[in-house]
Amino acid sequence: MSRVNTVLGSIPAEELGIVAVHEHIGYGMPGSELDTRWWKTPEQRYAETVPKLRKFHEYGGGTFVDVTGICNGRDIDYYKSLSAKTGVHIVACTGFVGGDTALPFFARASVDYLTEHFVHEITAGIGDTGSRAGVIKVGVSRGGRMTELDKRIYRAAARAALRTGVPILTHLAIDAENAIAIFHEENLPLDRVLFGHADDGVNAEKTRDTWIAEQGGRVGFDTFGYETELEDPPFWARPRKERLDHFLRFIDGHLDKALASADANCSPLGWPGVKGHTVNYLFEDLIPDLRAAGVDEATITTLFVDNPAAFLTIQA
């Protein structure tokens, strides 16, 4: 039976339900927990997060994939409590959002060391939590090109993915040529990689989304809800219709490679977040927009149930 690691244990992939594949319980840059301007007590974070996850569950959401990563506020015991309280499956990750978020201990580590660390968190567990990571996070550092550290992390992730069977999810899909070259060198099938943020307002024009799909990679349109129409849009915002049209064009030819999410932050760490933007954009706006555009229910199921289950299933 196909299985997926969640923070409360391994479950059959068939039980994932509707999946939000690229989200955050609480993301922040390293050190943000020390900035008293944005500091929050555990009780405040809990009060912000539980209603969003409960609403996600009420809408029919089954699984929330947290891709916060090492050094960015990942808190597995907190995730376990949230999952138990709300009924939402939570998948945690190992890996890093990007080399520029890795603290010096990890930034100086070898590929072999990073590989063993990722493998341990996937097979033995994260710290002493008893919870195993279900996906590996990697990313392109700020600047738009993979750094040497990014490349070491990508290579370690590929080796860990091959040894454990869990997939890789990326922050940004730019500089995909370098990433794909590494995955080819390590003999990792590209259907085990989800290249994320293909739709964001900064990098969409530089992202070769159809080329990635043609090479065999999966493509994430996962910044839905970050719209220029917001009262105070972030710098990576994009017009709502422009993003939707982009997604519709992509799924017209590459439905089997497409996944969608909102990349929302339940309780941001070290920054104010984007007011009103939650994982529930998927149910409140995106799925209604898809239906209004003529997308049928079978396609919606493929996007939010079938494709994520195939991606997250451990290929052991």
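Guide: Welcome! The expected span of a helix is 1.5 Å times one less than its number of residues. Keep that in mind as we look around this predicted model.

Visitor: How do you know that the span of helix α9 agrees with what is expected for its 12 residues?

Guide: Helix α9 covers residues 281–292, and at 1.5 Å a residue these should span 16 Å. Its end C-alpha atoms lie 15 Å apart, which agrees with that expectation.

Visitor: Which residues of α9 are buried, and what do they pack against?

Guide: The buried ones are Tyr281, Leu282, Phe283, Leu286, Ile287, Asp289 and Leu290. They pack against the strands β3 (18–23), β4 (61–66) and β11 (258–260), and also against the helices α1 (42–59), α8 (240–254) and α10 (297–312). Just after α9 comes glycine 294, with a positive phi of about 95°.

Visitor: Why does aspartate 175 count as buried?

Guide: Buried means under 20% relative accessible area. Aspartate 175 has 6% relative accessibility, so it counts as buried. You will find aspartate 175 in the loop between β8 (168–171) and α6 (176–185). Neighbours within four places in sequence aside, aspartate 175 contacts Gly144, Arg145 and Met146.

Visitor: What makes threonine 302 buried?

Guide: The same cut-off of under 20% applies. Threonine 302 has a relative accessible area of 18%, and therefore it is buried. Threonine 302 belongs to helix α10. Not counting residues up to four places away in sequence, threonine 302 touches Leu255, Asn307 and Pro308.

Visitor: How many disulfides does the structure hold, and why is there no bond between cysteine 71 and its closest cysteine sulfur?

Guide: The structure holds 0 disulfides. To count as one, a pair of cysteine sulfur atoms must be within 2.5 Å. The sulfur of cysteine 71 is 11 Å from the closest cysteine sulfur, in cysteine 93, so it is too far for a bond. Cysteine 93 is likewise in no disulfide, with the sulfur of cysteine 71 as its nearest.

Visitor: Are those two cysteines buried or exposed?

Guide: Cysteine 71 has a relative accessible area of 19%, so it is buried. Cysteine 93, at 0% relative accessibility, therefore counts as buried too.

Visitor: What makes β3 and β5 the edge strands?

Guide: They belong to an open sheet of 3 strands in the order β3-β4-β5, with parallel pairing. Both β3 and β5 (89–91) pair on one side only, and they are the edge strands. From one strand to the next, the twist averages 20°.

Visitor: How do you know that β3 and β4 pair?

Guide: Pairing needs at least two bridges between two strands. The parallel strands β3 and β4 are joined by 4 bridges, and valine 19 has threonine 63, in β4, as its bridge partner. Helix α10 packs on this sheet, touching β3 and β4, and its direction makes about 60° with that of β3.

Visitor: Which residues touch the most other members of the largest nonpolar core?

Guide: Those are Phe118, Ile136 and Phe183, in a core of 79 residues. Helix α5 (residues 148–164) gives the largest share of this core, 8 residues. Phenylalanine 118 has contacts beyond four places in sequence that include Ile70, Phe96, Ile136 and Ile153. There is also a second, separate core of 17 residues, with Val21, Leu169, Ala309 and Leu312 among them.

How values were computed:
Residues numbered from 1 in each chain as written. Predicted model: local features only at pLDDT ≥ 70, side-chain atom pairs only at ≥ 80, totals over all residues. Heavy atoms only, no water. Helix = DSSP H or I, 4+ residues; strand = E, 2+ residues; numbered from the N terminus. Buried < 20%, exposed > 50% of the residue type's maximum accessible area, 1.4 Å probe, protein only. Contact = heavy atoms within 4.5 Å. Axes fitted to C-alpha atoms, helices over the stretch in contact; angles between N-to-C directions. Core = buried A, V, L, I, M, F, W, Y, C linked by side-chain atoms within 4.5 Å.
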